[in-house]
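User: Please give a close look at the annotated active site and its surroundings, and then at the ring contacts elsewhere in the chain. Which features of the backbone and the side chains deserve a chemist's attention?

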Amino acid sequence: MLPSQPLLHAAVFALTALQALASDTFIAAVYEHAVILPDATGEPVSPDDALALMNKNMDVLEGAIKEAAQQGAHIIVTPEDGIYGWRFTRETISPYLEDIPDPSVNWIPCTDPTRFAPAPVQERLSCMARSNSIYVVANIGDKKPCNSSDPSCPGDGRYQYNTDVVFDPEGKLVARYHKYNLFMAETQFNYPKEPETVTFETPFGKFGIFTCFDILFREPAVVLVSELQVDTVLFPTAWMNVLPFLTAIEFHSAWAMGMRVNLLSANTHNINLAMTGSGIYAPDRARTYYYNMKTEDGRLLIAELDSHPRLSPDTPPAVNWSSYALSVERFSPNDRDFGGPIFYDWFTFTELTKPEGNLTVCQKDLCCHLSYKMSKKREDEVYVLGAFDGLHVVEGQYYLQVCTLLKCKSTDLNTCGQPTETAQTKFAMFSLSGTFGTNYVFPEVLYSGVELAPGEFEILNDGRLISKARPTKPVITVTLFGRWYEKD
């Protein structure tokens, strides 16, 4: 007699779990989605029209989820705003929201869709996870009714939250996270009253989750990693790239290295808004990534990761980020220092006028040291060493300490720090370090064409970022990006 469908599914799930338990690695997937956007309108659409748009996006996501599962992935992360897009006011986003219960209710929407308020999006996501025996991570909107007894209750009688959900391979809701650090344009959503630190256990490690702008702040990002000791962070994002530093692949890869965790970063794809850049990052290097500012194509990425990266022999040892820089005398003083902005932050720069040498540039308490040798000094390209030590205040307030070797946009020093994606200059060697006041420092090298350099540089225990490739590919930036959370 053939087994019933529920028994068969349970057997498949149990086999999948046993296979994961038998291995110290797992297969991760992220999908960069070219989101189908709603029409810009000042009036709310009907719930049916809202669901029709969301189903169009979920049709695309379902195809990616099936493909990921067929390739052996245990988990897939999809982007922030990946189901309904953006262009919303508080009123116009309302038809797209569902009431998402606390995961402690032990709910499988796919098999019990009427247990709570109508939740067709949660039901469909749950069924995608269940039918493909894979963890599915998605970003949707949560609405919670409130009343006048709550002094902070909005005038329309509900809280609205930017929300991540996770469904396990049975389709059960196992995690719900309300974004705490809203980007300045997210006026359609409310801030949670308290920051949430959401974790859940899997057969392949302890997972944490947060959303986009959250990555720049102590709560929840640092708390999850440093205090709750998660192995892997799930990261739905809608990241608008700002070269030369806050490029999605550059900063997210650097963050994974600096925090010594896996990071599964799924970005939306919209080249008109400079949204692209997804990846699967480990502490030692980027395992795979995607950056495409030329075509409106989505992309599925799949890679194998260590389940417990802190225990992996590939994970670099802990770093004292200021050890070397504090132990050496300042290199020859410069009479050519000048100032310039990068993303509204005023850096102190000094030019690399010779094909090789040692330079120091300082700002406030931060001194950045560089030893370098160019393969050939080009007259048509200018590089500078830059330092920034201060509070960034544009789209949010956070304290930075940055040391960077970067290519200027042109030979005009006034263009240093402006966005540029191409370079010709290769380096025979470089060594960059800084007198950081924080241990949260994120290292990365970005090559011409917005290409990462996995395995081509090394972080020494004393805080030096050094080249391993001889020579390098043409360099855009070599950066140590420090976040001094205590000074925010």
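The answer below starts from the record and then moves outward.

Analyst: The model is predicted, so local features are restricted to pLDDT of at least 70 and side-chain atom pairs to pLDDT 80 or more, whereas totals for chains, interfaces and linings use all residues. Numbering starts from 1 along each chain as its sequence is written, and side-chain values rest on heavy atoms, without hydrogens and water.

An unreviewed UniProt entry places "domain: CN hydrolase" at residues 40-307; UniProt positions follow the numbering used here, feature names are shortened, and annotations may be inferred rather than shown by experiment. Over residues 40-307 the chain is 22% helix and 26% strand, where helices (H or I, at least four residues) and strands (E, at least two) are DSSP runs numbered from the N terminus. The end C-alpha atoms of this range are 43 Å apart.

For "active site", the unreviewed UniProt entry lists Glu80, Lys179 and Cys212. These residues span 133 residues in sequence, yet no two of their C-alpha atoms are more than 10.4 Å apart, so they gather at one spot. Glu80 is located in the loop between β2 (75-77) and α3 (120-132). With a relative accessible area of 2%, Glu80 is buried (buried means under 20%, exposed over 50% and partly exposed in between, for a 1.4 Å probe and protein chains only). Leaving aside residues up to four places away in sequence, Glu80 touches Lys179 and Cys212, and its other partners include Asn139, Asn162, Glu186, Thr211 and Thr237; contact means heavy atoms within 4.5 Å.

Cys212 belongs to the loop between β7 and α4, and its relative accessible area of 8% makes it buried. Although Cys212 is not a glycine, its phi is positive, at about 45°. Most residues other than glycine have a negative phi, and most peptide bonds are trans.

The loop that holds Cys212 leads to α4, a helix covering residues 218-227 in which Pro220, Ala221, Val222, Val223, Leu224 and Val225 are buried. The partners of these buried residues are β5 (173-178), β6 (198-202), β7 (205-209), β8 (232-237) and α5 (248-259). Two features of the backbone accompany the helix. The peptide bond from Glu219 to Pro220 is cis, with omega near 10°, and Pro220 itself lies in α4. Gln229, in the loop between α4 and β8, has a positive phi near 60° without being a glycine. At 41% relative accessibility, Gln229 counts as partly exposed. A further cis peptide bond runs from Leu243 to Pro244, again with omega near 10°; Pro244 is placed in the loop between β8 and α5.

The ring contacts extend the picture. Across the whole structure, 31 aromatic pairs are found (rings of Phe, Tyr and Trp, the last by its six-membered ring, pair if their centres lie within 6.5 Å; planes under 30 degrees apart count as stacked, over 60 as edge-to-face and the rest as tilted). Tyr399 and Trp484 have ring centres 5.9 Å apart and planes at 85°, so this pair is edge-to-face. Because Tyr399 lies in β18 (398-407) and Trp484 in the segment after β24 (475-483), the pair ties together parts that are 85 residues apart in sequence. Tyr399, at 8% relative accessibility, is buried, and Trp484, at 18%, also counts as buried.

Tyr440 and Tyr485 form another edge-to-face pair, 5.2 Å from centre to centre with 80° between the planes. Here too distant parts of the chain are linked: Tyr440 is in the loop between β19 (427-434) and β20 (441-447), and Tyr485 is in the segment after β24, 45 residues apart. Tyr485 is buried at 6% relative accessibility.

Ring pairs also join Phe210, Phe235, Trp239, Phe251, Trp255, Phe442 and Phe481 into a cluster.

Charged side chains meet two of the rings. The charged end of Lys487 sits over the ring of Trp484, 4.6 Å from its centre, where a charge sits over a ring if NZ of Lys or CZ of Arg is within 6 Å of the ring centre and within 35 degrees of the ring normal. Likewise, the charged end of Arg464 sits over the ring of Tyr324, 4.3 Å from its centre.
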